[in-house]
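Please find below some notes for a first look at this structure. They are best read with the model open alongside.

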Amino acid sequence: MAAKEKVVYLTGLLIEKNVNIFREKLQALADEFDIVSLDMQHVEMIDSMCLGLLVVFNKRMKLKGGKFTIINPSENVKELLILTSLKQYFHVTDTTEPII
């Protein structure tokens, strides 16, 4: 059976106000897909709560043998990933090419 892949395009603010919806969406993605890419080109800001959800999501995908990639991160997202040393933890790329 072929791996199920999904690219999700995020926009706006990933902040505490939206954390429950974001958590539910990530859980659904992890349940349904083997390979998930989040395009963050239009994410203006991500706070520590939502960043923590991405850490948990990455771990969950790895545990099930899946893959998770952040693609096209905005400058704000890139800076945060560098400041928190999470750029090395996540697979981050500036391309939309398939990650298989």
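1. A place to start is strand 4, where threonine 93 is the bridge partner of isoleucine 71. The model is a predicted one. Strand 3 and strand 4 run parallel and are joined by 3 bridges.

2. These two strands belong to a wider arrangement. The sheet is open, has 4 strands in the order 1-2-3-4, and is paired in parallel. Its edges are strand 1 and strand 4 (91-93); each has a single partner strand, so one side of each is left without a neighbour in the sheet. From one strand to the next, the twist averages 25°.

3. Next, the helices against the sheet. Helix 1 lies across strand 1 and strand 2, and runs at about 170° to strand 1. Helix 2 also packs on the sheet, where it touches strand 1, strand 2 and strand 3. The direction of helix 2 makes about 170° with that of strand 2.

4. Helix 1 can be checked for its length. Its 14 residues should span 20 Å at 1.5 Å a residue, and the end C-alpha atoms are 20 Å apart, which agrees.

5. Which residues of helix 1 are buried? They are Val19, Phe22, Leu26, Leu29 and Ala30. Viewed down the axis of helix 1, the buried residues fall within an arc of 95°, so they line one face of the helix. They pack against strand 1, strand 2 and helix 2. On the face turned away from this buried side, helix 1 carries the exposed residues Ile21, Glu24, Lys25 and Asp31.

6. The largest nonpolar core has 26 residues, and among these Leu38, Met40 and Leu54 touch the most other members. At least two residues of this core come from each of strand 1 (5-14), helix 1 (19-32), strand 2 (35-46), helix 2 (48-63), strand 3 (67-71) and helix 3 (75-83). Helix 2 gives the most, with 6 residues.

7. Methionine 40 deserves a separate look. What is methionine 40 in contact with, leaving aside its neighbours within four places in sequence? The contacts are Leu10, Leu14, Ile46, Leu54, Ile70, Ile71, Asn72, Pro73, Ser74 and Val77. One of these, Leu54, is named with Met40 among the core residues that touch the most other members. Another, Ile71, is the residue whose bridge partner in strand 4 is threonine 93, which returns to the starting point of this note.

Key. Residues numbered from 1 in each chain as written. Predicted model: local features only at pLDDT ≥ 70, side-chain atom pairs only at ≥ 80, totals over all residues. Heavy atoms only, no water. Core = buried A, V, L, I, M, F, W, Y, C linked by side-chain atoms within 4.5 Å. Buried < 20%, exposed > 50% of the residue type's maximum accessible area, 1.4 Å probe, protein only. Contact = heavy atoms within 4.5 Å. Expected span 1.5 Å × (residues − 1). Arc of directions from axis to C-beta. Pairing = 2+ DSSP bridges. Axes fitted to C-alpha atoms, helices over the stretch in contact; angles between N-to-C directions.
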